[in-house]
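Work through the following exercises with the model open beside you. Each task is followed by a solution that proceeds step by step.

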Amino acid sequence: MKDLDLIAAGGVPADADVVLLASPGLDLSAADADHLRTYLAGGGRLLVLLDLAQLAERAPQLEELLGNYGLGVQRLLVVEGDSNRYAYSRPFYLLPKYEYHDIVSPLSNADLPLLVPGAMALKVLDLKKRALTIEALLSTSANSWGKVNYNTATTTSKEAGDQDGPFTLAYAVTDPAQAAGARDTKLVVVSSASFLQSSLQEVAAGNADFFMNSLSWLSEKKDDISVSAKSLMSYPLRITTAWGIILSAIVVFAIPLGVLGAGLGVWLRRRHL
């Protein structure tokens, strides 16, 4: 993987397999946007990792680029209301649902957790090219909501004006080539770049694989779309508060009472012999 300065290079090099646009803090310049449009029009492959905290309030060039492929961004912080779908008691540390796609199917089949903190929402535009194939990769539950005033909010609870879920956090887009033998254009767009934080890799076994599988799908290396070998480390069991109370009651009360009852029954039978 190499850094790419589009202005200095005069465009995307012809031998570029995949271009990664990670955590853009400023909007694309008009020249950069033109270079990327030209690259994608020729069968290019682009992986976009957005960051709500970094993304400019207005990014018309970036949003137009994504809009050309049927996608839009929603500047809101996605909060999960299903306690089974977030981690660390932080409802914006999302454990999204895997949809059906080659990128995420191996992770879903292996039941690997994917942790996505601080995500915004993505949407499919009403006006888009008919030829596009737009496939969801990650989504939240119907109990989620999006906080519109996330910069000034003092609570993650749902408030007036917040938008109802569910939301989609990642999409894969294919724009089929018009000429025979030409490459299809492909994009993967993820609404949070924070899932790649090194601190999350030990607790979210699917994060690195999701990133690598996205690159493999974009570059059409299907044999590389898989679940990588994992170290023999344990992962914490995530249970809801209600289940924690139930399991504690079973261990503290039900099991001892069962043992006591069994012992009492044996004692009564022997007493009457």
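**Exercise 1. The overall make-up**

Describe the secondary structure, burial and contact pattern of the protein in this predicted model.

Solution. Begin with the secondary structure, where the protein has 6 helices and 14 strands. Turn next to burial: of the 273 residues in the protein, 41% are buried. The surface that the protein exposes comes to about 15,200 Å², and carbon and sulfur atoms supply 55% of that area. Finally, consider the contacts with a separation of 6 or more, of which 71% are made by residues 24 or more positions apart.

**Exercise 2. The pairing of H2 with H3**

Determine how the axes of H2 and H3 are oriented relative to each other, and work out which residues of H2 and H3 meet.

Solution. Start from the geometry: the axes of H2 and helix H3, the latter spanning residues 60-67, come within 10 Å and cross at roughly 15 degrees. Because angles under 35 degrees count as roughly parallel, H2 is roughly parallel to H3. The crossing in which H2 passes H3 is right-handed. On the H2 side, Ala30, Ala33, Leu36, Arg37 and Leu40 take part, and they meet Gln61, Glu64 and Leu65 in H3. Sorted by character, the residues of this contact of H2 with H3 comprise 5 nonpolar, 1 polar and 2 charged.

**Exercise 3. The setting of Asp32**

Decide whether Asp32 is buried or exposed, and place Asp32 relative to Gln61 in sequence and in space.

Solution. First locate the residue: Asp32 belongs to helix H2, which covers residues 30-41. The relative accessibility of Asp32 is 18%, and since buried means under 20% relative accessible area, Asp32 counts as buried. As for its relation to Gln61, the two residues are separated by 29 residues in sequence, while their C-alpha atoms are 9.0 Å apart in space.

**Exercise 4. A loop residue and its distant partners**

Find which residues Ala131 is in contact with once its neighbours within four places in sequence are left aside, and classify the accessibility of Ala131.

Solution. Ala131 sits in the loop that runs between strand E9 (121-124) and strand E10 (133-139). With the neighbours within four places in sequence set aside, Ala131 is in contact with Thr174, Asp175 and Pro176. For Pro176, the separation from Ala131 is 45 residues in sequence, against a C-alpha to C-alpha distance of 6.9 Å. The relative accessible area of Ala131 is 35%, and because partly exposed covers the range between under 20% and over 50%, Ala131 is partly exposed.

Notes:
Residues are numbered from 1 along each chain as its sequence is written. This is a predicted model: local features need pLDDT of at least 70, side-chain atom pairs count only at pLDDT 80 or more; totals for chains, interfaces and linings use all residues. Side-chain values use heavy atoms; hydrogens and water are left out. Helices (H or I, at least four residues) and strands (E, at least two) are DSSP runs, numbered from the N terminus. Buried means under 20% relative accessible area, exposed over 50%, partly exposed in between (1.4 Å probe, protein chains only). Contact means heavy atoms within 4.5 Å. Accessible areas come from the Shrake-Rupley method with a 1.4 Å probe; for residues, only the protein chains shown count as cover. Axes are lines fitted to C-alpha atoms, for helices over the stretch in contact, and angles run from 0 to 180 degrees between N-to-C directions. Angles under 35 degrees count as roughly parallel, over 145 as roughly antiparallel, 65 to 115 as roughly perpendicular and the rest as oblique. A crossing is left-handed if the near helix is turned anticlockwise from the far one by less than a right angle, and right-handed if clockwise. Ala, Val, Leu, Ile, Met, Phe, Trp, Tyr, Cys and Pro count as nonpolar, Asp, Glu, Lys and Arg as charged, and the others, Gly among them, as polar.
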